[in-house]
Amino acid sequence: MVLVNAVVYQHPKANSVVIENGVITQIGTADEVLSSVDSRAIIIDLEQQFLLPGFIDNHNHVFEAASEAGGNCELSASASLLELRPYLEYCREQASSDGWLLGYGFSLEMIMEESSELSPITLLDSVFPHRPVILMEQTSHSMWVNSQALKLAGITKYTSDPQGGALLRDAEGNLNGVLLDSAGDAIMEIAWNSLKAQFEQSYQGLLNGLAAAAEHGITTIGDGRLYWKRGWFEVWQHAREQEALTSRVLLRPWIYPDADMKEQLEFLESIYTAEVSPSDKLIVNQVKMYSDGIIINGTAKLLAPYRETYLPNRPKGLNYIPPENMKTWLSALDKLGYSAHIHAIGDGAVHESLNAIEHVRNLGSNKPYTLTHVELVNEQDIPRFAKLAVTADFQVGSDYVAFQDHAWAKAFLGAVRAHRLMNLRAIFDTGANLTLSSDWNVHDINPLVGIANSIMMQDTGLPSVDAAIDAYTMNAAKSLGIDGFTGSITVGKSADLVVVEKDIRQLSPEAIAESAVTLTMTQGEIVFQWTEQ
């Protein structure tokens, strides 16, 4: 296949690319390359469109984001507790069975309003007195459950908080139905595994998510989280067997904070991808672990106390995996060949995670490690990313990030710390590897939106469109440890390519975000092509 008449990223003197057996074999002018291919070659005229390396989304929940297996009771993030009643009643009427009901989309702040006459669990019990219900908050870091759900999970008012989570209570110590972080994950696991149509719905959701990724030029996905105790790995294996993977996917098995370490390591060893080939579309050699939670829950780990928090007994937040345990985990994982993609939002979590990586670096590990989200970073830790060869992975695909509107954080952090949130430039200027990703469906899946927003951020964003493109391509390939065969338009690398209608380097950020992907190619195979309707 020959792509001709393109504006080729990082090849200003070339306009054409030759692909054989899924690999880039030649880059040059149309006259040069057409004279060297035989008459059977497929020639695609790109008509001066912009040819880029395929986008690499370093943190994307493609499995969950497009699947109804996680529930189809959709709530409103802007509705108060009482305003959610009609949504819940509608879900009750539409339910086709009397088993677990799963849903998503509420706002923790809205259902925890002190002005409400009811507690969250009282309202949910009044609508669902007999069947178990679990509803996921829009960030996925808290769950809202009723009494039947707590009963099936064996949770009572005397149950202690699990590692990495919290059971919220009223003034009398009674559970109010809100479970933060790992406390909610544990019940979701029970609910998810109860679904009879789990595999079919999950598989269809996976295909939906892959189609969305291809449509947006994404040729490699760094999986946001693989809950392997929910049967998700088997769904991915089936997709590979059916040759349904339209992008390369690096699965990241979840490290359960309160499960047996030996059991988890044995499973991880059994699914590890020992030799990574450019032709592989399913790779398992990184894990996903959480250091902390999120700021709005009061579960992100801080170096100094919160101003306001739902957890007054934990004024600096919490750890999913305590600092010393993380060192042990990373050392054990390194021996199996695994590196880690670590969720760290608060400055305390970032500091502790860097300490753990420094520990394994001192033991000789040269694997690629990444901290994702990195919303609040202490000034003294900024240079440590470059020093320790740690990637900083940011998500900027929402308007509030583009406009640096962090007023929401002042109540929790105060004005000074809120002002320091999401400073990409500070880390970029140190020379550290920096990537952009979507965290879909928390943010927009479209890489062009992320690229545009990183420029709109001005002094706290990236300095150029080229820097933003690299953050979504070559830098992400380095974070995933696959830069040897993808991430750039280079002879010998996999033909993972995306065509955008215009050269986005010449456009305003607003126009970049509105640009269209017209063709996506993974390993030389066209997986998306825009056609006029």
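Biologist: Which residues sit on the two faces of strand S11 (residues 142–145), and are they buried or exposed?
Modeller: Both faces are covered: Ser142 and Trp144 point to one side, Met143 and Val145 to the other, and all are buried. Buried here is under 20% relative accessible area, exposed is over 50% and partly exposed is in between, with a 1.4 Å probe and protein chains only. Keep in mind that this is a predicted model, where local features need pLDDT of at least 70, side-chain atom pairs count only at pLDDT 80 or more, and totals for chains, interfaces and linings use all residues. Residues are numbered from 1 along each chain as its sequence is written, and side-chain values use heavy atoms, with hydrogens and water left out.

Biologist: How many bridges join strand S10 to S11?
Modeller: Three, and S10 (residues 133–137) runs antiparallel to S11. Leu135 is opposite Trp144 there. Strands are DSSP runs of E with at least two residues, helices are runs of H or I with at least four, and both are numbered from the N terminus. Two strands pair if DSSP finds at least two bridges between them.

Biologist: Which residue in the hairpin of S10 and S11 takes a positive phi?
Modeller: Ser140, near 75 degrees; the hairpin has four residues between the strands.

Biologist: And how does S11 pair with strand S13?
Modeller: Antiparallel, over three bridges, with S13 covering residues 175–181. Met143 faces Leu179 in that pairing.

Biologist: Changing topic: in what order do the strands of the parallel sheet run?
Modeller: S7-S14-S15-S16, four strands in an open sheet. S7 (55–60) and S16 (282–283) are at the edges with a single partner strand each, so one side of each has no neighbour in the sheet. Two bridges join S15 (residues 248–250) to S16, and Val249 stands opposite Leu282.

Biologist: What about the mixed sheet, what's the order there?
Modeller: That one is open too, with five strands in the order S2-S6-S22-S23-S24. Its edges are S2 (7–8) and S24 (525–529). S23 (residues 517–522) pairs with S24 in the antiparallel sense over four bridges, and Met521 has Ile526 as its bridge partner.

Biologist: On to helices. How do the axes of H11 and H12 cross?
Modeller: At roughly 40 degrees, coming within 9 Å, with H11 at residues 323–336 and H12 at residues 347–362. The axes are lines fitted to C-alpha atoms over the stretch in contact, and angles run from 0 to 180 degrees between N-to-C directions. The crossing is right-handed, meaning the near helix is turned clockwise from the far one by less than a right angle; anticlockwise would be left-handed.

Biologist: Which residues of H11 make the contact?
Modeller: Pro323, Met326, Lys327, Leu330 and Ser331, where contact means heavy atoms within 4.5 Å. On the H12 side the residues include Glu352, Ala356, Ile357 and Val360.

Biologist: What's the chemistry of the residues of that contact?
Modeller: Six nonpolar, four polar and two charged. Nonpolar covers Ala, Val, Leu, Ile, Met, Phe, Trp, Tyr, Cys and Pro; charged covers Asp, Glu, Lys and Arg; the others, Gly among them, are polar.

Biologist: Where does Arg230 lie?
Modeller: In the loop between strand S14 (218–223) and helix H9 (232–241). Arg230 is buried at 3% relative accessibility. Beyond its neighbours within four places in sequence, Arg230 touches Asp185, Met188, Glu189, Trp192, Asn193 and Gln198. Met188 is 42 residues away in sequence, with a C-alpha to C-alpha distance of 9.5 Å.

Biologist: Any odd backbone? What's phi of His373?
Modeller: Near 85 degrees, so positive in a residue other than glycine. His373 lies in strand S19 (residues 369–373) and is buried, at 6% relative accessible area. Gln404 also has a positive phi, near 50 degrees, but Gln404 is partly exposed at 24%.

Biologist: And which residues does a cis peptide bond join?
Modeller: Trp440 and Asn441, with omega about 15 degrees. Asn441 is in the loop between strand S21 (434–437) and helix H18 (447–456). Most peptide bonds are trans, and most residues other than glycine have a negative phi.
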